[in-house]
Amino acid sequence: MNALAHTAIPADGRYADVASMPIEAIDLTCPRLFHDDNHEAVFDRLRAEDPVHLQHGSDSGAFWSVTRYDDAMAVDTNHKVFSSRDISLVEDMPEGFDISMFLAMDPPRHTAYREALKPLFSAIHVATLEDGIRARTRAILDELPVGETFDWVERVSIELTSFVLSTLFDFPFEERHRLIEWSDRAVLKNAREDGASLRWEDRQADLMECLREFTRIKDERAGGDRSDLVSVLAHGHGQKFLRPSEFLGNILLMIVAGNDTTRNSITGGVVALNRFPDEYRRLRDDRSLLAGAVAETFRWQSPVAYMRRTAAFDTQLGGKRIRAGEKVLIWYASGNRDASVFDDPHAFRIDRKNVAKHLSFGFGVHRCIGLRLADLQLRVLWEELLDRFDAVETVGEPTYTPSTFIKGYSHLPVRLHRRT
Ligand code: HEM
């Protein structure tokens, strides 16, 4: 286990012992929460001692954290009490920045979007994307240097997810990296690797550029009968979704949802299999274990660490009284490590019997619409990887994403070993 796993996230530059620090001192907004697996000890303690935990005094104000599996499920599946009307992040949007996305809407407005998008994410439609994804995956893998150290995040995880997004949007392939930049601006308050905050004005300017670009694409496609993601988000199927703030919000939603999540699952799988080499050997020897390995990757990595809800009414949860208007964070990253549901929860086990219970895609009305596409990308990637290489060996520690919302990696140095 990592040396930092038993230390708390840094406060005033010091590391404190999670086990002995006052529970009120735990800061779940610290962008280093997921670095070096700090979260394991933090959430173990919260689940054991204060599973519905109120944190005061953060930059984002007070908020509740729901850390046990059953409580997370109860909140996620009760949209009437725990509303999605506000942004999914703990931080509120700055005044005057009016964007809205259907992830942050309640039924019935939410349902209209969901219905319009369903055909694009159906099992049948997603299956039609497999050949293109496989061809691109092969091209990416065949260009990798064997026996040399390179960054897995940059050369594989970002390449594959940005290709899939550009396909969905029918966005120019050569410009796909702009999608990644906009995604980083949308969710990473602390997008700089030194943890310093980017100025909101700079983030906003980038997001406005994103709106201008997609508005241009939308206008170009107006009047046609196209079913790419931009056209559906602009016009729906027979419906009109014309508010610019909603259009930008939903474009950003798609960029972030389809990008950071899958990207970090692709990287997380490599990290996990290197930390649990017996599982790697078993997977190499028995491909029938692949579907379980992919699902376990989603559980173990939990790339979306939490979703925020807002209490619509006064309510009770875990013996705590939550008042209308208060923020409630559903910590999937913690529920997925709840030992009352998942045996030996910090271990990566590719044949975990109840892995389908993982919370990583949510379970309520907002359950991830892109989960089949994420599953497809990981399955195809691992099929092609196992065909070519004996191992993707990690040769250094990952650099972690400075975010508490996205649990992921900025860089991962690896070396490939060709199949013998
Ligand atoms: C919603 C996770 C991949 C599109 C969500 C939610 C989670 C999630 C946790 C919210 C659930 C809730 O609030 O109850 C993930 C993970 C992924 C992934 C872990 C990959 C490993 C994708 C992909 C796409 C996508 C590839 C599309 C390109 C969406 C959309 C929503 C969503 C549009 C909003 C659905 C709604 O509000 O009804 N996802 N996602 N996701 N996801 Fe994913």
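# A tour from strand β8 outwards

Select strand β8, residues 327-331, where five of the five residues are buried, so the strand counts as mostly covered. The model on screen is a predicted one. Colour the residues of β8 by face: K327, L329 and W331 lie on one side, V328 and I330 on the other, and all of them are buried. In a regular strand, side chains alternate between the two faces of the sheet.

**The sheet around β8**

Now add the partner strands. β2, residues 61-66, runs parallel to β8 and is joined to it by three bridges. To find the register, pick W64, which stands opposite V328 in β8. Next show β5, residues 306-311, which runs antiparallel to β8 and is joined to it by five bridges. Here the pair to pick is Y306 and W331, with Y306 standing opposite W331 of β8.

Show the whole sheet. It is open, has five strands in the order β1-β2-β8-β5-β3, and its pairing is mixed. At the edges are β1 and β3 (82-83), each of which pairs on one side only. Go to β3: two bridges pair this strand with β5 in the antiparallel sense, and F82 has A311 of β5 as its bridge partner. Then select helix α2, residues 69-76, which packs on this sheet and touches β1, β2, β3, β5 and β8. The direction of α2 makes about 125° with that of β8.

**H53 and A48**

Stay at the edge strand β1, residues 52-58, and select H53, which is located in this strand. Is H53 buried or exposed? Its relative accessibility is 2%, so H53 counts as buried; the cut-off for buried is under 20%. Display the side chain of D50 too: the side chains of H53 and D50 make a polar contact at 2.7 Å. Beyond neighbours within four places in sequence, H53 is in contact with I23, L28, L46, F63, W64 and S65. W64 is the residue already picked opposite V328.

Move back along the chain to helix α1, residues 38-49, and select A48, which is found there. A48 has a relative accessible area of 57% and is exposed, the cut-off for that being over 50%. Draw a distance from the C-alpha atom of A48 to that of T67: the two residues are 19 residues apart along the chain, and the separation is 9.4 Å.

**The three-strand sheet**

Select β4, β12 and β9. They form an open sheet in the order β4-β12-β9, with antiparallel pairing. β4 (150-151) and β9 (389-394) each have a single partner strand and stand at the edges, so one side of each has no neighbour in the sheet. Five bridges pair β9 with β12, residues 413-418, in the antiparallel sense. One place to look is T394, whose bridge partner in β12 is V414. Add helix α14, residues 371-388: this helix lies across β9 and β12 and runs at about 110° to β9.

**Helices α10 and α11**

For the last stop, show α10 (residues 244-275) and α11 (residues 277-285). Their axes come within 5 Å and cross at roughly 110°. Angles of 65 to 115 degrees count as roughly perpendicular, and α10 and α11 are therefore roughly perpendicular to each other. Which residues of α10 meet α11? Select L273, N274 and R275 in α10, which meet P277, E279, Y280 and L283 in α11. By class, this contact of α10 with α11 has four nonpolar, one polar and two charged residues.

Key
Residues numbered from 1 in each chain as written. Predicted model: local features only at pLDDT ≥ 70, side-chain atom pairs only at ≥ 80, totals over all residues. Heavy atoms only, no water. Axes fitted to C-alpha atoms, helices over the stretch in contact; angles between N-to-C directions. Helix = DSSP H or I, 4+ residues; strand = E, 2+ residues; numbered from the N terminus. Parallel < 35°, antiparallel > 145°, perpendicular 65-115°, else oblique. Contact = heavy atoms within 4.5 Å. Nonpolar A, V, L, I, M, F, W, Y, C, P; charged D, E, K, R; others polar. Buried < 20%, exposed > 50% of the residue type's maximum accessible area, 1.4 Å probe, protein only. Polar contact = N/O pair within 3.5 Å; in protein donor to acceptor, adjacent residues only side chain to side chain. Pairing = 2+ DSSP bridges.
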